[in-house]
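Q: Hi! Could you walk me through this structure before I set anything up?

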Amino acid sequence: MNIGAYILRRLVLIIPTLIGVSLVTFTISRIVPGDPARLAAGAQGTPEMYEQIRREFGLDESIPQQYLNYMSDLVQGDWGKSISTRRPVLKDLQIYWPATLELVMVAMIIATVIGTPLGIIAAIRADRLADHVTRIIALIGVSIPAFWLAILAQLFFGLRLGWVPITGRLGSLMDPPTHTTGVYLIDSAIHGEWDIFAGVLRRIILPAIVLSIPVMATIMRFTRASMLEVLNQDYIRTARAKGATERIVILRHGLRNALIPTITMIGLSFGWAMGGSVLVETVFDWPGIGLYATKSALSLDFMPIMGIALLYGFVFALINIAVDVLYAVLDPRISRA
């Protein structure tokens, strides 16, 4: 398989995918009851203010014409303007996206580092105490609503024990790190600003753990199932019959093949974590895309909702491409197909 041609073909296919996302999101946002222009004008707004806002944001056009105008502007790099912030949506996304990316990255690291080994241990000790315990933990992890777990974590670890702050990304008396990527942990580490690094880490750890728990449970269950399937294969029995130690059988022969489907799940879980971050960011007042989406939805601010949907769709498509390429690298049979 020509990896370069495959990646190019998949990148081209992102375009019709995003067009479909934009059409569905635009249609849903326009049929929701309510008038964003009236909300923006406020209770004291005059009819003249109301009409001015409708003209300014193109709400006086027919819905099909609004969509055509939006797509025409989008092709030219104009993602529209937010009624709430009065800033270009693209500018808002550039402000809020790094915070969400940082939160999701930390959550995925926690979920992968803990969930994968636990899944392997559960498979190795199938139907024994360790397996039963990890399965119960996984079941609880996928069952607990994220917003409820976030509130409990705030009450217990933040308010009662006082271990960590429960809101915000950075303390009010602390300046952001020198800007390079917009991801505070990376920027502070690059520039050696370790006091800021510690402050950001202290605030991100609780929401990241909350966000990681359902992902961790999913990875745990998927890794266990994949590992059990691999350990029952003939080549594993052959390796054991040749006298290979159990450590070599697990790590050298079993783990690489078992991790191939797990990597796919981890990639998909990254996209799910971005969606789950909406509730977690809202509860923890984390200044990311999720909180921005919540505020935009409550104010019927259509343009940010469209921009967020397109951004998430694009990122999710890129993740799928990366997972497929990594899949081919790990499994030579796919790369030769």
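The chat below goes through the fold, the surface, two loop residues and the salt bridges.

Q: Sure, what kind of model is this, and how are residues numbered?
A: This is a predicted model, where local features need pLDDT of at least 70, side-chain atom pairs count only at pLDDT 80 or more, and totals for chains, interfaces and linings use all residues. Residues are numbered from 1 along each chain as its sequence is written, and side-chain values use heavy atoms, with hydrogens and water left out.

Q: Thanks! How many helices and strands does the protein chain have?
A: There are 14 helices and 0 strands in the protein chain. Both are DSSP runs numbered from the N terminus: helices are H or I with at least four residues, strands are E with at least two.

Q: And what box do the C-alpha atoms fill?
A: Roughly 85 × 55 × 40 Å, taken along the principal axes.

Q: What share of the residues is buried?
A: Of the 337 residues in the protein chain, 42% are buried. Buried means under 20% relative accessible area, exposed means over 50%, and partly exposed is in between (1.4 Å probe, protein chains only).

Q: What about contacts far apart in sequence?
A: Among contacts in the protein chain with a separation of 6 or more, 72% are between residues 24 or more positions apart. A contact here means heavy atoms within 4.5 Å.

Q: Switching to the surface, how much area does the protein chain expose?
A: About 17900 Å², with carbon and sulfur atoms supplying 66% of it. Areas come from the Shrake-Rupley method with a 1.4 Å probe, and for residues only the protein chains shown count as cover.

Q: Which residues form the nonpolar patch?
A: The patch consists of F147, W148, I151, L152, L155, L159 and L279, with about 670 Å² of accessible area together. Patch members have over 30% relative accessible area and no salt bridge; nonpolar side chains (Val, Leu, Ile, Met, Phe, Trp, Tyr) are joined within 5 Å, like charges within 9 Å.

Q: Which helix gives the most to that patch?
A: Helix 7 (residues 146-160), with 6 residues. W148 sits in helix 7 and is partly exposed, at 44% relative accessibility.

Q: Any odd backbone angles, and where are they?
A: D285 has a positive phi near 55 degrees, in a residue other than glycine. D285 is in the loop between helix 11 (246-284) and helix 12 (289-298), and is partly exposed at 40% relative accessible area. L300 also has a positive phi near 55 degrees. L300 belongs to the loop between helix 12 and helix 13 (302-330), but counts as buried at 13% relative accessibility.

Q: Nice. On to electrostatics: how many salt bridges are there?
A: The whole structure has 5 salt bridges, each needing a side-chain nitrogen of Lys or Arg within 4 Å of a carboxyl oxygen of Asp or Glu.

Q: What does R87 pair with?
A: R87 meets D92 at 2.6 Å, N to O. R87 is partly exposed at 30% relative accessibility, whereas D92 is buried at 0%.

Q: And D131, buried or exposed?
A: D131 is buried, and R224 is too. Their side chains form a salt bridge at 2.7 Å, N to O. D131 lies in helix 6 (residues 129-143) and R224 in helix 9 (residues 194-231), so the pair ties together parts 93 residues apart in sequence.

Q: Which residues make up the network with D131?
A: Salt bridges with shared partners join D127, D131, R135 and R224 into one network. Within it, R135 and D127 meet at 3.9 Å, N to O; R135 is partly exposed at 39% and D127 is exposed at 57%.
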